[in-house]
Amino acid sequence: GVAKTTRETIILCEAAGFDTLLIETVGVGQSETTVHSMTDFFLLLKLAGAGDELQGIKRGIMEMADAIVINKADGENLKPAEKARSEFRRALHLYPAKESGWTPKVLLTSATEKTGIQEVWQLIEEYEQLVKEKGHFSQKRQNQNKFWLLQTINEHLKNKFYQDPEIKKLLPKQL
């Protein structure tokens, strides 16, 4: 999952001058939604033939993705990867257009053959240019800051509530 301090770590790294940060999650679930609320670009990394193609993916994660990259597209896995790319491309057309005007893309990569990696980076740069030109980048950052302010307030209020001596005394009687 995502640590409670991931957002603060991002801010700290940006303040230290890092302009590219990668945040990795495991699996499909709540942590991806949380990461989406704190990142500029959301990349969904998939493996063809791993049993997690379209039928195993929750609708929400596909909608959040700015790009889908199918890794290990080499050797005997190249044909299944190409098939998965076609399926994902078709599926992406079923989702509503993004507010930013960006159309998510599906790419293939192979770390062992060193293919597709440069194309992924170029795609991220293309996305960044488009969303900055349209003003969506600053708007998204503003929305993220509002979201995290409210999250911080809610977390503080919840902690204050549960630490109240009277609540600590009465809560076990209610459960």
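**Pockets and salt bridges**

Me: Which residues lie nearest the centre of the second largest pocket?
Reply: His-36, Glu-63, Lys-98, Glu-99 and His-136 lie nearest its centre, out of 26 lining residues. A pocket is an open set of 1 Å grid points where a 1.4 Å probe fits, with protein on both sides within 12 Å along at least five of seven lines, and lining residues have an atom within 4 Å of a point.

Me: What sort of model is this?
Reply: It is a predicted model, numbered from 1 along each chain, in which local features need pLDDT of at least 70 and side-chain atom pairs pLDDT 80 or more, while totals for chains, interfaces and linings use all residues. Side-chain values use heavy atoms, without hydrogens or water.

Me: Back to that pocket. Which helix gives the largest share of the lining of the second largest pocket?
Reply: Helix 6, with six residues. Helix 2, helix 3 (59-64) and helix 6 each supply at least two residues of that lining. Helices here are DSSP runs of H or I with at least four residues, and strands are E runs of at least two, numbered from the N terminus.

Me: And the largest pocket, how many residues line it?
Reply: The largest pocket has 44 lining residues. Leu-21, Leu-22, Ile-23, Phe-41 and Leu-43 are the ones nearest its centre.

Me: Which helix gives the largest share there?
Reply: Helix 5, which brings eight residues to the lining of the largest pocket. Elements that each supply at least two residues include helix 1, helix 2 (30-36), strand 1 (43-47) and strand 2 (67-71). Helix 5 and helix 6 do so as well.

Me: New topic. How many salt bridges are there?
Reply: Seven. A salt bridge puts a side-chain nitrogen of Lys or Arg within 4 Å of a carboxyl oxygen of Asp or Glu.

Me: Which one links distant parts of the chain?
Reply: Arg-141 and Glu-14 form a salt bridge at 3.1 Å, N to O. Arg-141 is in helix 6 (residues 136-163) and Glu-14 in helix 1 (residues 6-15), 127 residues apart. Asp-40 joins Glu-14 and Arg-141 in a network of salt bridges.

Me: How exposed are Arg-141 and Glu-14?
Reply: Arg-141 is partly exposed at 27% relative accessible area, and Glu-14 is partly exposed at 34%. Buried means under 20%, exposed over 50%, and partly exposed in between, with a 1.4 Å probe on protein chains only.

Me: What about helix 5, which salt bridge lies there?
Reply: Glu-128 and Lys-132, at 2.9 Å from N to O. Both lie in helix 5 (residues 117-133), four residues apart, about one turn of the helix. Glu-128 is partly exposed at 33%, and Lys-132 is partly exposed at 43%.

Me: And which pair lies within helix 6?
Reply: Lys-158 and Glu-155, three residues apart, about one turn of the helix. Their side chains meet in a salt bridge at 3.9 Å, N to O. Lys-158 has a relative accessible area of 43% and counts as partly exposed. Glu-155, at 27%, is partly exposed too.

Me: Last one. Is Arg-7 buried or exposed?
Reply: Arg-7 is buried, yet it has no salt bridge. It lies in helix 1.

Me: What is Arg-7 in contact with, beyond its sequence neighbours?
Reply: Leaving aside neighbours within four places in sequence, Arg-7 is in contact with Met-38, Gln-144, Asn-145 and Trp-148. Contact means heavy atoms within 4.5 Å.

Terms used: Lys and Arg count as positive and Asp and Glu as negative; His and the chain ends are not counted.
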